[in-house]
Amino acid sequence: VVVLATRFSARLKQEGGWRDTVLTLPGAAWVDALTGLEHGAGEVAVADLLRKRPVALLVPAVPVTA
């Protein structure tokens with residue numbers, strides 16, 4: 001599980017946001033349990049991870065089997 005939380009979001013927005021800040025996610029795909037957004041492994045922009053909410057709860061994506 002990976003948890004992200006924004007602190008001082010008003011000041012962060014004033015100063016230009018997350019810009020080119022990235023988080024390196026290990027393994028395979030991840031899904032945000034709060035928004036349902038899926039993210040691949042490797043470098044992911046923090047702005048993308050937090051685009052819907054100021055927090056994210058990432059869990060490994062479970063592949064769907066038929």
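## Starting from V2

Let's begin with one residue: leaving aside residues up to four places away in sequence, V2 is in contact (heavy atoms within 4.5 Å) with L23, L25, W30, A56, L57 and L58. This is a predicted model, where local features need pLDDT of at least 70, side-chain atom pairs count only at pLDDT 80 or more, and totals for chains, interfaces and linings use all residues. Residues are numbered from 1 along each chain as its sequence is written, and side-chain values use heavy atoms, with hydrogens and water left out.

## The nonpolar core

V2 also belongs to the largest nonpolar core, which has 10 residues: V2, L4, L25, W30, V44, V46, L49, L50, A56 and L58. Such a core is a set of buried Ala, Val, Leu, Ile, Met, Phe, Trp, Tyr and Cys residues joined through side-chain atoms within 4.5 Å; buried means under 20% relative accessible area with a 1.4 Å probe, protein chains only. Two or more core residues come from each of β1, α2 (46–49) and β6. Helices (H or I, at least four residues) and strands (E, at least two) are DSSP runs, numbered from the N terminus.

## The sheet

Now for the strands. An open, antiparallel sheet is built from 4 strands in the order β1-β6-β3-β4, where two strands pair if DSSP finds at least two bridges between them. At its edges lie β1 (2–5) and β4 (38–39), each pairing on one side only.

Between β1 and β6 (residues 55–60) there are 4 antiparallel bridges; among the partners, L4 is matched with A56 and V3 with L57. On β3 (residues 30–32), 3 bridges lead to β6, again antiparallel, and W30 sits opposite P60 of β6.

Terms used
Buried < 20%, exposed > 50% of the residue type's maximum accessible area, 1.4 Å probe, protein only.
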